[in-house]
Amino acid sequence: MDNDRQMVHLGDLKVVIVSEGSGGHVIPALEVARQLVEAGARVVVYYGARHPHASPLLRSLLDEAATAGVETQPCELPARMGLIEALQDMMVAGRWALRLYRQSQPHIVVGFGGRLTIPALLLAS
């Protein structure tokens, strides 16, 4: 965070961030999570993991986030496409989100796009 910006302390705020595992979704999600942790919030980033071995870039970003105090949790999904598969993925994501919400009881849930975001945001309300 720049020195000329005033730091706001977020205390015991619990935030869940949901994102697909692609770079366009997860990179900004991890950066926002890092900033929130720096301000004092507890943050979990829940991201879609479609491949058994994450790309070197994603692994590096997840390691950096962990070093900064961001908790990350993958939602394992098979690499597949199609309407039926999308609905199945959203059901898996919904079940996962409910478990996560029961455990962490977040104050705020933020979505960064992708099919995982839809059930996560709907179930957060």
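Student: Among contacts in the protein between residues at least 6 apart in sequence, what percentage join residues at least 24 apart?

Tutor: This is a predicted model, in which local features need pLDDT of at least 70 and side-chain atom pairs count only at pLDDT 80 or more, while totals for chains, interfaces and linings use all residues. Residues are numbered from 1 along each chain as its sequence is written, and side-chain values use heavy atoms, leaving out hydrogens and water. With contact meaning heavy atoms within 4.5 Å, the share of these contacts that join residues at least 24 apart is 76%.

Student: In what pattern do the helices and strands follow one another along the sequence?

Tutor: Helices (H or I, at least four residues) and strands (E, at least two) are DSSP runs, numbered from the N terminus. The protein has four helices and four strands. Read along the sequence, they give the pattern β-α-β-α-β-α-β-α.

Student: Is S19 buried or exposed?

Tutor: S19 belongs to strand β1, which covers residues 14–19. Its contacts beyond four places in sequence include H25, V26, A29, Y46, Y47, F112 and L116. Buried means under 20% relative accessible area, exposed over 50% and partly exposed in between (1.4 Å probe, protein chains only). Because its relative accessible area is 0%, S19 is buried.

Student: Which backbone nitrogen lies 3.2 Å from a polar atom of the side chain of S19?

Tutor: V26 is among the residues that S19 touches. At 3.2 Å from a polar atom of the S19 side chain lies the backbone nitrogen of V26.

Student: Which element gives the most residues to the largest nonpolar core?

Tutor: A nonpolar core is a set of buried Ala, Val, Leu, Ile, Met, Phe, Trp, Tyr and Cys residues joined through side-chain atoms within 4.5 Å. The largest one has 16 residues, of which I17, L30, A33, V43, V45, Y47 and V70 touch the most other members. Two or more residues come from each of β1, α1 (23–38), β2 (42–49) and α2 (56–67). The element that gives the most, with five residues, is α1.

Student: How many residues form the second, separate core?

Tutor: This core includes V44, W96, A97 and L116. Its number of residues is 12.

Student: Is α1 roughly parallel or roughly antiparallel to α2?

Tutor: The axes, lines fitted to C-alpha atoms over the stretch in contact, with angles from 0 to 180 degrees between N-to-C directions, come within 10 Å and cross at roughly 15°. V26, I27 and L30 of α1 meet L57, L58, L61, L62 and A65 of α2. Angles under 35 degrees count as roughly parallel, over 145 as roughly antiparallel, 65 to 115 as roughly perpendicular and the rest as oblique. The angle therefore makes α1, relative to α2, roughly parallel.

Student: What is the angle at which α3 and α4 pack?

Tutor: Among the residues in contact are M90, A93 and G94 of α3 and I118, P119 and A120 of α4. Helix α3 (residues 83–104) and helix α4 (residues 117–124) have their axes 8 Å apart, and their packing angle is about 40°. The helices are therefore oblique, and the angle asked for is about 40°.

Student: Which residue has a positive phi although it is not a glycine?

Tutor: The residue is found in the loop between α3 and β4 (108–111). With a relative accessible area of 53%, this residue is exposed. Its phi is about 45°, and its name is Q105.

How values were computed: Polar contact = N/O pair within 3.5 Å; in protein donor to acceptor, adjacent residues only side chain to side chain.
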